[in-house]
Structure formats: structure tokens, C-alpha cells
Amino acid sequence: MTAGRPILRFETVSKHFGGLSVIEDLTFAVRRGSRTGLIGPNGAGKTTVFNLITGVYPVDAGRIYLDADDITNVPSRRRIRNGVARSFQNVRLMRHLSTLENVLVGQHSRNGGLFGVLQPISLSARNRWREEARAGLADAGLAKYERATVGGLPYGVQKRIELVRALMAHPRLLLLDEPAAGLNPAETEALHTHLVQICRSGDITLLMVEHDMQFVGALCEELVVISFGRKIAEGTPQAVRQNLLVQEVYLGKPAVEQEREAVAESPLVAAGVSRAS
Amino acid sequence: MSGYAEGILILLAINVVFAYGAFLPLAAGQLNLGLAAFAAIGAYSSAYVSNVYAIPALAAIPFGAFAAGIIALIVAVPVLRTRGIYLALATFALGQIVQATILNLGFLGGAAGYPVNEFIRLPFISAFTVAVVALVALLFGTRFGIAVTAVHDDERVADLMGIDVRAFQVTAFVVGSAIAGIAGGLYAHHFSYIEAQYFSVTLSITIVLNVLLGGTQTVIGPLLGAAMFTLLPELLRGSAHWRYVVFAAGLIVLMALRPEGLLTGDQLRQLFGWRRTDDEGSRMPREGPT
């Protein structure tokens, strides 16, 4: 049955930008219905992984599977119909549209045929799609921003609107790129509750990139750790935390070992040290 | 109604149609400087069928719009590959080509111009104007309007949301060109005489300016811009020699003060009391120290 099959599978995926290898031979799987965190130091290639899943960039080698489908060569526009929706590291809402209209954009993949496009969703208040979008905003506690132009809204609110927009596509796999970055503690708490609630039904698998380890540790059941485009560990948050390689990447090599090697610091360690602060 | 007032209203009605022709591509983020060319195609083809085949203006003008739309669809494929300033240049070049072609077509009168037999008046023209405005307003009340703005704001994200960016760009370009074709047809049938020189890049630029200054974010913006551009020079008629200087200076001030146009979407929402309850504190106007 499908229960055993992972929702997302990377098989020896590589991506280069010119001479720079960003993703190297990456293989990992995301369990259906799980809340999985993709972590790693700055520049590890986490956002690139998201861009490969959503088709922003083509892969140079390897395959990407969503459920049973090979989506490696599916054009970016069609992937949302396969059930992949995402948020962006730097909020990317349509700044000239209102909050509600931005959320309506999220439904496009489900209502984008000629008939859907010509439906007067802005003209009748009782339109089913409009009602659905309003309900989505209300669920996230954003009802009062419905008619505001998004450009002027606080950052934390914009991030939540982006989440609602992604949910409107009814994704099977929801990709969140640093959802907690820039949020205050109260907002982070609210986000945690909202995400748990979203995943409760088990229909949505969550894959997120996040630097806030406390947030990730509390929310995610599984972690995948990458560094310089390679997977260095995966497992439960506890197991990953005890992994020596992960500690090395995040905290730097033990001082003794560093002296012994006495080589010029590898950029890997430099990245790890700066992360530890 | 005095002949003068009627003349102004006719000019206004035609300019409003023109403005909506410019609005569609602008709303999708395209600077189309070839609008005059599509107006010329609409004007000449509607004039030709009404002269030669005695087709009434009521059918000839839509035919002109259709012809403009077809030509737009054909050129959209290569032209819309370009972006930004290059798109403006490509459409500018397109305008030159169409103008030069008409100048060399003997059966359309060439440089001598082309007379049009049937004559239409204000009620006829204003009915077309109302229909065009209603059509665009309806179109922008659908998901189409939202998707076009989304394409304008962020092509990449629009694509990832499942929006066929290219299809919306082409549609905006083609429908806008067809509307410009209607404006051309109305112009031809009212003034009874058309010449290729009239459909120059200056016309395109004026129309685009109408819309940019009126505002490209709402369906009301083009109406406002066209009205301002048509009526203000008339109101300034008092000083015959200086009125365009005053007008141009006013435009520069407007551009400096309202770079996004006279009417923005945000403003419209506020105007109708759709402002969010402003409880963020940081965005509240600061009171004096207490």
C-alpha cells in the first residue's frame, strides 16, 4: 500500500551553478504524514533543495520522486498540481494585491482552467472560492487583514499569509522555508500551534528549513542534516543532536583535533563556528 | 449640446477606450509602445470593410478589433520574449513597421490618407466606450484580474502557484491590442478620414502616460487618467500659449508625488472603508509625549 512509500524521495541528486557544486549526490526520503526538518549551516544548500523540488532549477543529475511520480522533468508550473506548495525564505507576496487576493492566488492550481479564470470571484461576496479563502485566513487568525494591501503589513503577518496561500493549493507536501525567522516568541508559539493543527489530519506532510533549533526540535519528528550539499545525518532530533558529524559541523571540530591537523581551516569548520554563536 | 462640448466628449470617449487598451498590458507589466499600430490596424481594417463591402460601423469596428487582435497574437510570440525596456523597443519598432506599411499601401490611400464613408456620432461612440469599460471591469473582477496582477508583481512565484505566466501575458497583450483596435475604428468612423501619420509613437506614448498617471493597479485608474489628459488641457485654454507648459509641469509634479499613479489599489480599498483595523502599534501615528 501507499502508506509505506515516502511522499518525497531524492535519488543521487546533484546541482551545480557554474563550477560551484551546491548539491552533491543527495539521497533522502521524507516519510508520508511526517513533520520533517531540513537543517544545516548557512550555504548548505537547503533552499536549493526546495528550489529543486519545486522546479525553480532543473537538476543536473539524479531523480526526484513525489509519491509514485517521477517529477524530475515536470515543469515548475505543474508541480503545484502534483501537490507541492511552498513558502519563501524572503516573503514573496504579490504586493499590489490585498491579503484576500493573495490567498486567492494560492487556489489557482485548483481553479485555473478557462472556466475558473473567468469566474467573478471579486464581484460576488458569496463566491465559494472567496468564502474558502476567507475561512483559511480566519483559521490563521488573519481575518482582520483581509482587505489590507499586503505591502504595508508587518513581516510576521506577511509570513502567515504566505502559509495560508500555500495551504490553498491543498498540498500533500508543504515546504516551508524558515517559517519562524523574524517572528517574535508569541508569533513563533502561534506558528507552532498552527502547524501542528495543519498536520493533524495526516494528509499534509511538512518539510521545513529552519535555523531556530528549539522550534525545529519541538515540531519535527525527523531531521535531515545537510552540509555543503551532502547529507551528513538523518533521524530523530535526539539522534541527530548526538551525531558527532553534526556536532562538528555546527560547533566546529574539537580544539585538540584542530591543532593536530594544523591545516588551514576548512571552510566547513569556519561555517560551523559562525553558526555556533 | 454645443458642438464644442460634443467634440470634447467624443475625444474623451475614444481616449478612454484607448486607455483601457494600454491598461491591460500595463497591468501585466508590459510597456507596449506599439498601441498606435494596433489602433491603426483597427482603424484601417474597419474603414476598409465599411467602405468596400458596405458593412455597417456596428460590425466593422468589432471586425477591426478582431484584426488588431489577430496581428497582436501573431507578433506576441516573438515580441513577448523580450522584457522591460527591450519590450518597449520591440513594440516601438512594431509601430514603425505598421505605420510604414500603411504609407506604402496604395489601396489604403498611402500618404494621402483614407476617407471613411460612414459617420458615427456621440451616442454610438459612448455606447462602445461603456461596453469596453464594463468588459474590462468584469474581466478584472474575475480570477483573471488577480492572476494578471500576480504575474506583474512576481513572475516566478506566479509560475510556482500554477499560473501560466506566458498565457496571461499573451492574453493581456492581445486583448489590449484589440481594444486599441476598437479605439482606432471609432476614431476612423467619427473623423471620416484617417492618415498613417496620426498613428505614430507619440500617440502610443500619450496613451500609456494617461494610464500610468491614472494608475495601473485599479480598473478606475485608466478612466481617471484619460479624463484628466483630455479635459485638463481644455480647462487650461485660458492661456492659449502656455497651457501645455502648465500641463506638462503639472504632470512632472504628479509623477514626483504619486509615482504609482493617481489612484492605487491601496487607496481604493481605504476609500471604501476597507482599511484593516490598525492595531499594530508600530504603524499607529505617534501622539505627543504624555
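Before I start: I call two residues "in contact" if their C-beta atoms, placed from the backbone, lie within 7 Å. I also keep in mind that this is a predicted model.

**Entry 1: two helices in chain B**

I went to helix α3 (residues 57–79) and helix α8 (residues 165–191) of chain B, whose axes come within 7 Å of each other. The angle where they cross is roughly 145°, and the crossing of α3(B) and α8(B) is right-handed. I remind myself that an angle and a distance between the axes are how a pair of packed helices gets described.

Which residues of α3(B) meet α8(B)? I found plenty of Ala on the α3(B) side, including Ala57(B), Ala60(B), Ala65(B) and Ala72(B). Gly64(B), Phe66(B) and Leu73(B) are also among them. Across from these, α8(B) brings in residues including Val170(B), Phe173(B), Ser177(B), Gly181(B), Gly185(B) and His189(B). Sorted by class, this contact has 17 nonpolar, seven polar and no charged residues.

**Entry 2: chain B as a whole**

I listed the secondary structure of chain B and got twelve helices and two strands. Read from the N terminus, the order is α-α-α-α-β-α-α-α-α-β-α-α-α-α.

Next I looked at size. The C-alpha trace of chain B spans about 80 × 50 × 30 Å along its principal axes. The radius of gyration is 20 Å, which agrees with a compact globule, because one of 290 residues would come out near 19 Å. Of those 290 residues, 48% count as buried. I then took the contacts in chain B with a separation of 6 or more: 79% of them are between residues 24 or more positions apart.

**Entry 3: Glu195 of chain B**

Where does Glu195(B) sit? I found it in the loop between β2 (193–194) and α9 (201–214) of chain B. Glu195(B) has 17 other C-beta atoms within 10 Å, so it counts as partly exposed; to be buried it would need 20 or more. I also checked Glu195(B) against Leu31(B), which is 164 residues away along the chain, and their C-alpha atoms are separated by 25 Å.

**Entry 4: a sheet in chain A**

I switched to chain A and found an open sheet of four strands, in the order β2-β1-β4-β5, with antiparallel pairing. Its edge strands are β2 (20–30) and β5 (69–70), each of which pairs on one side only. My reminder here is that strands of a sheet pair through backbone hydrogen bonds.

How many bridges join β4(A) to β5(A)? I got two, between β5(A) and the antiparallel strand β4 (residues 61–66). Last note: Leu66(A) stands opposite Asp69(A), which is in β5(A).

Technical notes
Residues are numbered from 1 along each chain as its sequence is written. Chains are lettered from A and ligands numbered from 1 in the order in which they are written. This is a predicted model: local features need pLDDT of at least 70, side-chain atom pairs count only at pLDDT 80 or more; totals for chains, interfaces and linings use all residues. Two strands pair if DSSP finds at least two bridges between them. The radius of gyration is taken over C-alpha atoms; the globule rule is 2.2 Å times the number of residues to the power 0.38. A residue is buried if 20 or more other C-beta atoms lie within 10 Å of its own, exposed if 12 or fewer, and partly exposed in between; C-beta atoms are placed from the backbone. Axes are lines fitted to C-alpha atoms, for helices over the stretch in contact, and angles run from 0 to 180 degrees between N-to-C directions. A crossing is left-handed if the near helix is turned anticlockwise from the far one by less than a right angle, and right-handed if clockwise. Ala, Val, Leu, Ile, Met, Phe, Trp, Tyr, Cys and Pro count as nonpolar, Asp, Glu, Lys and Arg as charged, and the others, Gly among them, as polar.
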